[in-house]
Amino acid sequence: MTTLLNVKDLRAYYGQVQALHGLSFSLNEGSLVTLLGANGAGKTTTLRAICNMVRSTGGIEFDGKPLNNRSTESIVRFGIAHVPQGRGTFTNMTVEENLQLGAITRKDSAGIVSDIERMYAHFPVLKQRHTQQAGTLSGGEQQMLAVARALMLRPRLMLLDEPSFGLAPLVVRDLFGILGKINREDKVSILVVEQNAQLALELADQAYVIETGRIVMSGKAKDIANNEEIRKSYLGY
Amino acid sequence: MELFTNQVLAGIATGAIYACMALAVVMIYQAIDHLNFAQGEMAMFSTFISWQLMQWGVPYWGAFLITLIFSFIGGIAIERILFKPLAKAPVLTNVAGFIALFAIINSSAGLIWDFTIKQYPTPFGSAPFLGSQLISTHQAGMIGVTVLLLLGLYFFFQYTRIGLAMRAAASVPESARLVGINTSWMIALGWGMASAIGSIAGMLIAPVVFLEPNMMGGVLIYGFAAAVLGGLTSPFGAVVGGFLVGVFENLAGTYIPGVGNELKLPIALALIISVLVVKPAGLFGRHIVKRV
C-alpha cells in the first residue's frame, strides 16, 4: 500500500499560541483513518493545517508532493475535500447549488451532472429537497449535504471534522454507514476527526490518539478499541 | 392625474439610475462588508472617459463599450492596489481609504477636465416617447438599458458557474475556499463589475444632471438610500429600493408643499434614517448576527 498523506513534525500556531507540537502521522491510499482525542487536543487544527487554514511548519506531503505554503483553494485541486467543523453549508443557496459548488473546480460538465444524480442516489433526501435553501435542512440532512458536496470534487482524500457533531445517534449510524461505503466502493481515502471514539473505531482501519497537540498513541483501530487501558485513559469510554 | 403619472414615470427613470448605483454599492458591500463612498466618483470618472472618447470622435456606443471595459479593469485595479492590502484593517482605516479615493478621483477629474459643466449627449434623443407627453425617449432609454442590465446580471449570477462562485465567495468565504474558489479574485471581480455598473449609471444620468466632477454626489446619496431601504445584503432589494426612492423623491417634490426641488435631497437622508431606525435590515435584507 502506498502512502497518500504523510505528515511530519507538524507544528501549528494561532497567533502566539502553539496548538500542535510536532505531530506526525500517515495515511495509506484507500484507507480510513481516524484522529481521536478530547476537546482542544488539536484534531481540528490538524485538519486545518493540512489545508493551510492556520499557520504551520513541518512537512505535509500528499502523494509525494509537498502541500506547505499553498493556498487553501489550490490544495483542493489536488483532490482533497475538506468538510469543516459546522459543515460549512452555503445556507442561502439551494441544495443543488451546494452540490455544484463542490464541483466548481471541475471542467467536465457531463460528469458533474451525472455525479449530482449519483449523490441523489446515495442520499435520497437531498433529491427531495434539491430546490430548497440548504439552511432549511435539518442538521443530519446538512451533514449529508456536506459529505455529498465534498464527494462532488471526486476527491482522493476526504477530511471530515466531527461529522457526528450535534446529530441524533441513529442519524450518526446512518452517516457512518455511508462513509464506510464511500471508502470501500468509491475508493476515497478518508481522514475523520471524531469525539465519538467508539463509533469512529468501528469504522476506521487505523487510529491515532492526540493529546495537547501530540500523537500519544497509534495503531490498528481494532487493537485500540480492544485495549481497555487506552480506552479508559484517553478515550473515556 | 396626468401630472401624477408623469411624475411616477419620471421617478422610475431616475429610479433606474439609483437602482444601478445601489446595486454597485451592494455588490461591494457583500464582498468586503464596507460601503464604497467613492462609487459615485468612480462612475463620474468613467463618464468623463466616455465623454473624452466622444470628443475624439468615437461614436456613442463605441465610447460606451470602451468605457465599460475601462471601468471594469479600473475597478479591479483599485481593489488590488488599495483595498486588498486593507482587507484585514479596521473599519475606520477602510473608511479613510474610501474617502481618500473619493478625493483623489474628484480632484483628478477636475484637474484633467476642469470643473465647468459640460453637455453630455444621449443616444436616445429627448423627444416625447412614442408621441406621449408623459416620458421622453431618453427616460425610456434609461429604463430600458437598466432593465437589460438587471436581466443580464440575474442570468449571470443564477446560471453561470462564475456567478455561482461569486455568490458563494460572498456568502461563506471559508467554505468557498474549501471547494477551491479563489475568493480574493472573486472580490476583485465584484469590484470590476460594480465599477462597470456604476459607469452605466453615470453615462445614463449625465444628459440629465450634466457632466461635471460633482455630478454623482446627489445620485450616490439616493443610491445609498435605495440600498439601505432594500437591504444592504440583498441585490434584489437594492434594485427595488432604487425604483421606490426614485418615485418617492419625485412625488414628494411635487405634492408635499415646501419640498420642491431644493429639499429633495434631505428627503433621501430622512429616508435612510427612518429605515435604519424602523427596519435596520431593510425591506429584503437579512439580519446579520456578527461575532465581535
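What is the sign of phi at B:Gly57, the residue that follows α2(B)? Some notes on this one, with that answered in point 2.

1. First, the ground rules. This is a predicted model, where local features need pLDDT of at least 70, side-chain atom pairs count only at pLDDT 80 or more, and totals for chains, interfaces and linings use all residues. Residues are numbered from 1 along each chain as its sequence is written, while chains are lettered from A and ligands numbered from 1 in the order in which they are written.

2. On to helix α2(B), residues 39-55 (helices are DSSP runs of H or I, at least four residues, and strands runs of E, at least two, numbered from the N terminus). Its 17 residues should span 24 Å at 1.5 Å a residue, and the end C-alpha atoms sit 25 Å apart, which agrees; the expected span is 1.5 Å times one less than the number of residues. Of those 17 residues, 13 are buried (20 or more other C-beta atoms within 10 Å of the residue's own, with C-beta atoms placed from the backbone). As for B:Gly57, its phi is positive, near 100°.

3. Confidence in chain A: the mean pLDDT (the predictor's confidence in each residue, from 0 to 100) is 91, and 100% of the residues score at least 70. The low spot is helix α10(A), residues 228-235, with a mean of 76, and the high one is helix α3(A), residues 95-102, at 96.

4. At the A/B interface, 17 residues of chain A are in contact with 15 of chain B (C-beta atoms, placed from the backbone, within 7 Å). α3(A) gives the most to chain A's side, with four residues.

5. Chain A has an open, antiparallel sheet of four strands, ordered β2-β1-β4-β5 (strands pair if DSSP finds at least two bridges between them). β2(A) and β5(A) are at the edges with a single partner strand each, so one side of each is left without a neighbour in the sheet. Nine bridges link β1(A) and β2(A), and A:Leu5 stands opposite A:Leu27 in β2(A).

6. Another open sheet in chain A has six strands in the order β6-β7-β8-β3-β9-β10, with mixed pairing. Its edge strands are β6(A) and β10(A). β9(A) and β10(A) run antiparallel, joined by six bridges; A:Tyr208 has A:Ser218 in β10(A) as its bridge partner.

Notes. Buried ≥ 20, exposed ≤ 12 C-beta atoms within 10 Å, placed from the backbone. Contact = placed C-beta atoms within 7 Å.
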